[in-house]
Number of protein chains: 2
Amino acid sequence: MKKYEEMSRDELLHLKKELEREYEDAKGLGLKLNMARGLPSAEQLDMEADFFGMLFPDSSFISEAGVDCRNYGELVGISEARRLMAQMMEISPEEVIVFGNSSLNVMYDTVCRSMILGVCGSTPWCKLPKVKFLCPVPGYDRHFAITEQFGIEMINIPMTKDGPDMDMVEEYVNNDSAVKGIWCVPKYSNPQGITYSDETVRRFAALKPAAEDFRIYWDNAYTIHHLYNGKEDVLLEILSECRKAGNEDMVFKFCSTSKVTFPGSGIAALGASKKNLDFVKSVITIQTIGHDKVNQLRHVRYFKDINGMHEHMKKHAEIIRPKFELVVNTLDKELSGLGIGEWTNPNGGYFVSFESMPGCAKDIVALCKEAGVTLTGAGATYPYKKDPKDSNIRIAPTYPKISELSEALKIFVLCVKLSSVKKLLEAV
Amino acid sequence: MKKYEEMSRDELLHLKKELEREYEDAKGLGLKLNMARGLPSAEQLDMEADFFGMLFPDSSFISEAGVDCRNYGELVGISEARRLMAQMMEISPEEVIVFGNSSLNVMYDTVCRSMILGVCGSTPWCKLPKVKFLCPVPGYDRHFAITEQFGIEMINIPMTKDGPDMDMVEEYVNNDSAVKGIWCVPKYSNPQGITYSDETVRRFAALKPAAEDFRIYWDNAYTIHHLYNGKEDVLLEILSECRKAGNEDMVFKFCSTSKVTFPGSGIAALGASKKNLDFVKSVITIQTIGHDKVNQLRHVRYFKDINGMHEHMKKHAEIIRPKFELVVNTLDKELSGLGIGEWTNPNGGYFVSFESMPGCAKDIVALCKEAGVTLTGAGATYPYKKDPKDSNIRIAPTYPKISELSEALKIFVLCVKLSSVKKLLEAV
């Protein structure tokens with residue numbers, strides 16, 4: 001196949017006509033497909049059919065420490081739930097607080113708390129003239145939305161195959177005391193599926209922040225979410241690395257079972273040093289009396305321990321892996337060698353990241369939309385929804401059925417081709 | 001029985017000796033009883049043995065609008081849960097957002113949001129030199145803890161038998177633009193069990209706040225929590241009264257099923273005008289993707305509608321009412337006519353409020369503690385834990401078994417007598 005950029009104007013015009021015809025046909029199908037968000041499919045959710053009915057009413061609501069999980073209390077979570085989440089987060093149970101159903105909510109509240117009350121006694125951020133966060137890009141739109149809502153200035157940090165550009169991270173963090181945080185999805189990153197290298201993690205752990213209240217916001221959302229394709233990524237554990245570097249207070253770890261059990265009915269957790277957790281506890285004891293302990297108990301009794309979770313995630317992978325393979329194979333087959341896009345081939349997580357020719361992402365997403373295929377909004381993977389090159393598109397293959405995904409991908413590659421041809425014709 | 005204050009010094013000294021002997025005997029029993037918090041008893045929680053197992057896995061997780069409750073989404077709650085909570089709150093479903101397991105958390109977040117982002121576009125409170133809240137006293141300690149954490153100045157407003165002193169409320173709210181809120185438990189108030197009169201509610205609705213971002217924080221925690229003693233209190237619905245007065249944006253209503261189903265696993269709700277809810281939605285859409293919809297579904301399918309809830313609360317009352325009767329009967333029998341205390345006899349809620357002689361509350365709570373009976377800390381019912389008269393004690397009779405409660409009350413009346421005698425002897 002010839003690279004598009006090597007085509008003559010006539011060849012491009014001819015190709016454009018052909019693609020436009022195909023596109024009109026596609027629109028005529030009246031499709032309504034969605035690859036916008038990282039939602040588990042109904043098939044995945046059905047796997048846990050016994051989850052809600054399994055425990056009750058026959059068995060006890062009493063935790064191993066004798067707590068009646070139906071009543072008030074246990075701010076930091078019941079001990080067996082802290083242990084389970086600690087295994088998932090590869091830290092100690094006493095380094096974990098178990099929260100409610102949403103790690104996003106825990107992250108939001110963590111930033112919010114810093115705005116009003118500071119971090120472990122530091123000046124509340126709302127009293128400072130300027131607060132900045134570093135944002136590896138492309139990244140997770142909901143992270144950026146949090147810092148945007150609080151008026152925190154966001155600075156793009158380019159991702160490399162090993163994680164964020166650490167030269168830039170060190171430069172900012174070690175020299176600018178207005179830089180109070182960095183958003184990280186360190187394993188199977190959203191949207192690229194990149195896992196930070198050991199060196200990257202160690203450089204994070206060795207940071208010498210100018211701000212005492214700088215924290216790494218380590219959202220390990222996909223820690224056990226392998227595709228089990230024979231190549232499972234391994235991530236160094238950040239809290240222990242920080243501790244080795246004398247920096248144990250520098251990281252907040254976030255985790256949840258949203259994509260293990262149920263997105264709306266999982267349990268979330270925060271992992272951090274004793275100093276950080278003591279501060280968080282002193283604040284949240286005013287915010288709530290406790291989270292849903294019955295759901296905590298349900299999770300522990302369902303999985304027993306981390307091994308139960310891994311076995312469970314293998315079943316998820318059986319459903320998800322063919323979808324990822326379909327995406328990557330389709331892109332390989334339809335777009336390889338054309339020079340009009342690049343894409344990732346991750347070993348886990350929930351996304352494939354696509355880089356179009358500069359200036360094409362918005363157009364591709366709009367073309368897809370018109371043909372009935374909803375993608376994540378172009379720009380969503382950048383702070384302020386501004387992708388400087390207008391090139392990144394996040395593909396979320398998990399929710400549609402294989403047959404729907406196949407239809408959606410046909411539209412997608414068609415729109416990539418059409419948009420690329422139009423862009424090249426602008427230049428010649 | 002002779003009033004203590006009419007006793008001679010010799011009579012008091014004699015009585016003191018007798019009471020001290022009794023107290024030493026009581027201490028010897030080695031009791032460990034708790035009347036500190038408004039916890040449902042295990043017996044109440046056992047009533048809902050079928051709650052968690054009832055629905056699943058046999059029935060569907062699909063809401064009436066076709067939403068898969070196991071997946072992400074539905075920020076404001078599924079429609080049937082909004083309807084159920086709207087019935088409980090006596091407003092319309094579109095005036096309700098259903099949240100997670102804790103109305104305290106909703107209240108905390110509502111104040112927190114105002115601190116950083118203001119109220120519907122007003123100046124964020126953290127940017128103001130001074131923010132004040134009115135606090136009807138005695139009141140709910142956890143309300144006061146929220147405003148204290150955020151550095152909001154709290155002003156005591158005395159409770160009357162009809163609710164807060166409305167002359168004072170009007171004076172503050174209508175003239176001081178730093179006054180941004182008032183904490184209310186309008187029905188079966190915590191701790192006195194007072195229900196605001198129609199006139200009080202109408203005067204609330206007719207307030208003309210100096211501050212555009214003043215809101216009434218209407219925590220109707222005990223709205224359906226009657227003792228069913230034949231005298232159910234009725235509370236005017238505040239949102240519609242505010243609307244009639246042209247003030248529909250002036251109130252936030254809070255409610256939960258924490259003491260209907262389970263304290264840790266219920267659902268909470270916020271009720272307010274469209275303008276208020278639109279603002280709240282615009283903020284919380286960044287905070288979370290949605291709350292636990294499976295639990296929402298479970299509640300709706302369990303109760304069907306408000307009638308199901310009322311029937312359910314009658315069963316709770318069967319368990320709770322004898323405990324309240326025991327408290328009031330014991331106090332009547334042991335303390336009436338002695339002039340050393342007054343107490344409430346509520347028709348619902350979770351507390352009995354006791355007023356000792358001035359300067360005795362701390363001593364009584366400490367004496368009880370030493371004899372193995374834990375009460376809510378003296379002062380807890382006042383902002384900054386400062387009861388100016390040191391006289392209010394909150395009695396929470398629901399958690400202990402009847403036999404334990406009976407033991408605890410014996411100790412309590414003994415300690416009241418002993419403390420009062422000591423106090424009177426100081427004066428003569």
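This report describes the fold of chain A, its two domains, its interface with chain B, a sheet in chain B and one loop residue.

## Model and conventions

The structure is a predicted model, in which local features need pLDDT of at least 70 and side-chain atom pairs count only at pLDDT 80 or more, while totals for chains, interfaces and linings use all residues. Residues are numbered from 1 along each chain as its sequence is written, and chains are lettered from A and ligands numbered from 1 in the order in which they are written.

## Overall form of chain A

Chain A holds 13 helices and 13 strands, where helices (H or I, at least four residues) and strands (E, at least two) are DSSP runs numbered from the N terminus. Its C-alpha trace spans about 75 × 55 × 35 Å along the principal axes. The radius of gyration of chain A is 23 Å, which agrees with the value near 22 Å for a compact globule of 428 residues; this radius is taken over C-alpha atoms, and the globule rule is 2.2 Å times the number of residues to the power 0.38.

Of the 428 residues of chain A, 55% count as buried, a class that requires 20 or more other C-beta atoms within 10 Å of a residue's own, whereas 12 or fewer make a residue exposed and values in between partly exposed, with C-beta atoms placed from the backbone. Among contacts in chain A with a separation of 6 or more, 75% join residues 24 or more positions apart, a contact being a pair whose C-beta atoms, placed from the backbone, lie within 7 Å.

## Two domains in chain A

The domain assignment, which is automatic or taken from a database, gives domain 1 (4–44 + 310–427) and domain 2 (79–304) in chain A. The centres of these two domains, taken over C-alpha atoms, are separated by 30 Å, and their contact takes 25 residues from domain 1 and 28 residues from domain 2.

On the domain 1 side, the elements giving two or more residues are helix H11 (306–335) and strand S13 (392–395) of chain A, and H11(A) gives the most, with eight residues. By class, this side has 13 nonpolar, nine polar and three charged residues, where Ala, Val, Leu, Ile, Met, Phe, Trp, Tyr, Cys and Pro count as nonpolar, Asp, Glu, Lys and Arg as charged, and the others, Gly among them, as polar.

## Chain A against chain B

Between the chains, 44 residues of chain A are in contact with 44 residues of chain B. Elements that give two or more residues to the chain A side include helix H5 (141–149), helix H9 (274–287) and helix H10 (293–303) of chain A, while the largest share, six residues, comes from H4(A). The residues on this side divide into 25 nonpolar, 14 polar and five charged.

A turn of 180° with a shift of 0.0 Å along the axis lays chain A on chain B with an RMSD of 0.0 Å, which is the relation of a two-fold axis; the superposition is by least squares on the C-alpha atoms of residues with pLDDT of at least 70 in both copies. Because 100% of the interface residues of chain A are also interface residues in chain B, the copies meet through the same surface.

## A sheet in chain B and a loop in chain A

In chain B, an open sheet of eight strands has the order S2-S9-S8-S7-S6-S3-S4-S5 with mixed pairing, two strands being paired if DSSP finds at least two bridges between them. Strand S8 (residues 251–256) and strand S9 (residues 268–271) of chain B pair in the antiparallel sense over four bridges, and B:Ser256 stands opposite B:Ala268 in S9(B).

A:Lys401 lies in the loop between S13 and helix H13 (402–427) of chain A and is partly exposed, with 13 other C-beta atoms within 10 Å.

Key:
Two residues are in contact if their C-beta atoms, placed from the backbone, lie within 7 Å.
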